[in-house]
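The following exercises concern the structure shown below. Each task is followed by a worked solution in steps.

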Amino acid sequence: MFGLEALDLARIQFAFTISFHILFPAITIGLASYLAVLEGLWLKTHNDTYRDLYHFWSKIFAVNFGMGVVSGLVMAYQFGTNWSRFSDFAGSVTGPLLTYEVLTAFFLEAGFLGVMLFGWNKVGRNLHFFATVMVAIGTLISTFWILASNSWMQTPQGFEIINGQVIPTDWLAVIFNPSFPYRLLHMATAAFVATAFFVGSSAAWHLLRGKDNPAIRTMLSMAMWMALIVAPIQAVIGDFHGLNTLKYQPAKIAAIEGHWENHGDEPTPLILFGWPDMKEEKTRFAVQIPYLGSLILTHSLDKQVPALKEFPPEDRPNSTIVFWSFRIMVGMGLLMIFTGLCSLWLRKRDRLYTSRPFLYLALWMGPSGLIAILAGWFTTEIGRQPWVVYGLMRTADASSHHSFMQMSITLILFVVVYFALFGTGLGYMMRLVRKGPEIDEGKETNEGGPGKKRTPARPLSAADDNSAESDHSPSLNKEI
């Protein structure tokens, strides 16, 4: 069907499940650190705005964390069901790394998550803050081990192959493989930026509806400071990551650039837009800038970038896909930098919270970080093809022996169940976002222990059915 084989369906199924999964950990990483910052600021300043925001975002964090755990477990099982030959070949590396993640990060998160979510009125302030910080650290440790495993598949080292199986010989080399530091920083920073725009979009939505209070303003302000500072840093990290990829995975860079061949000693141009044609071995309708490809990728005006025709056809990634997924990622990044700069300009003119064009921009930029993460992940994973472990094992040799019919049934079931289950979860989470922080204005709230007043310590309490409506202003639809 559609020229697809069982291997193609296995790849589509894994891509589908990981695309769902990666969104939840990204927001979990960002929100966990955001919650730690909010509680720390509340303890330092005794400003109840930070406490209101903590209670509000802890509910969303709880729902998101739960969906991330469920989707991650399902995804992990596929290594045994659909990719058993990969598990047999490289399981001695990937298995321990994922086990380390459970023993360090997951246990740390599980140990303190209950205190963080349900202990607000039951433990002291410092202990509760410690629990929140531990959960935030746990999410980053989880990122460390997951990226170590995936980066080893991109740039493997520290092993021997004995009897057709990978045997680790140097665990430090396995973990700290050449691409790991860049990919870890790039992914963690992406999670922070994505969360910032998620938070900023929520604040913009409430401001556009006329719900203007210190908590909403603080949400937007903190989000835009994060965008202004971290989005450009992410671009710099991406540049270093690109140089590393050029060194260790040149075919991936050639596919990303849609660059097919070099001409003499001419520097490599940068192809802004076009349509790489894998059959014709050229990029159609190319709009290019001379010298810029060499300048960006080699930091010189005379060096050339490897071209796709320098690699055998069977070793070339699908340039048509990664060419555009990379540009979507970069485009989202540039828009995020632009949004941060706009926020600074408006902040200086005291119009950050009242400029409706900017608030609409912040609103629509809400999913930009998640879109960039997905596009970047597609670029990374599809760009590694046709290898599942780069240079060692091809994807075609890694899959289990399932029939086309078996893979078709499971793929359909995954799509139906995922959209039903996670669609419901996402819908509930957005209801919480639309409800906004609960504020009991005009009352003294600094008495007693953590969270004694205003917001119940029930992170999974349901949002009101009428949370999408506000008595303060007409609906957003009417304004549009």
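## Exercise 1: Accessibility and separation

Ile-162 has a relative accessibility of 40% and is therefore classed as partly exposed; the model under study is a predicted one.

**Task.** Locate Ile-162 in the secondary structure and state how far its C-alpha atom is from that of Leu-411.

**Solution.** Step 1: strand E1, which covers residues 159-162, contains Ile-162. Step 2: along the chain, Ile-162 and Leu-411 are 249 residues apart. Step 3: in space, 34 Å separate their C-alpha atoms.

## Exercise 2: Domains

**Task.** Give the bounds of domain 1 and domain 2 in the protein chain, and describe the contact of domain 1 with domain 2.

**Solution.** Step 1: the domain assignment places 28-177 + 414-438 in domain 1 and 184-401 in domain 2. Step 2: the centres of domain 1 and domain 2, taken over C-alpha atoms, are 23 Å apart. Step 3: the contact involves 41 residues of domain 1 and 36 residues of domain 2.

## Exercise 3: The surroundings of Arg-316

**Task.** Decide whether Arg-316 is buried or exposed, and identify the partners of its side chain.

**Solution.** Step 1: Arg-316 belongs to the loop between H9 and H10. Step 2: its relative accessible area is 12%, and because buried means under 20%, Arg-316 is buried. Step 3: the side chain of Arg-316 makes a polar contact of 2.7 Å with the side chain of Glu-281. Step 4: the side chain of Arg-316 also reaches the backbone oxygen of Leu-308, at 3.1 Å. Step 5: leaving aside residues up to four places away in sequence, Arg-316 touches several residues, among them Trp-260, Met-278, Gln-385 and Pro-386.

## Exercise 4: Backbone geometry

**Task.** Describe the peptide bond from Gln-385 to Pro-386, then the phi values of His-46 and His-299.

**Solution.** Step 1: the bond from Gln-385 to Pro-386 is cis, with omega near 10 degrees. Pro-386 is in the loop between H12 and strand E5 (387-389). Step 2: His-46, a residue other than glycine, has a positive phi near 60 degrees. His-46 is found in the loop between helix H1 (6-45) and H2, and with a relative accessible area of 43% it is partly exposed. Step 3: the phi of His-299 is likewise positive, near 60 degrees. His-299 lies in the loop between H9 and H10, and its relative accessibility of 47% makes it partly exposed.

## Exercise 5: A pocket and a cavity

**Task.** Characterise the second largest pocket by volume and lining, and then do so for the second largest cavity.

**Solution.** Step 1: the volume of the second largest pocket is about 1200 Å³. Step 2: 46 residues line this pocket, and those nearest its centre are His-186, Gly-238, Phe-326, Met-329 and Val-330. Step 3: H10 contributes the most to the lining of the second largest pocket, namely eleven residues. Step 4: by class, this pocket lining comprises 26 nonpolar, 15 polar and five charged residues.

Step 5: there are two cavities of 30 Å³ or more in the structure. The second largest cavity holds about 60 Å³ of space. Step 6: ten residues line the second largest cavity, and Phe-56, Lys-59, Gly-436, Pro-437 and Glu-438 are the closest to its centre. Step 7: helix H2 (48-81) and helix H13 (404-435) are the elements giving two or more residues to this cavity lining, and H2 gives the most, with four. Step 8: the classes in the lining of the second largest cavity are three nonpolar, three polar and four charged residues.

Notes. Residues numbered from 1 in each chain as written. Predicted model: local features only at pLDDT ≥ 70, side-chain atom pairs only at ≥ 80, totals over all residues. Heavy atoms only, no water. 1 Å grid on protein atoms, 1.4 Å probe; cavity = no way out; pocket = protein on both sides within 12 Å on 5 of 7 lines; lining within 4 Å. Points joined across faces, edges and corners; volume = space filled by probe spheres on them. Nonpolar A, V, L, I, M, F, W, Y, C, P; charged D, E, K, R; others polar. Buried < 20%, exposed > 50% of the residue type's maximum accessible area, 1.4 Å probe, protein only. Polar contact = N/O pair within 3.5 Å; in protein donor to acceptor, adjacent residues only side chain to side chain. Contact = heavy atoms within 4.5 Å. Domains from an automatic or database assignment.
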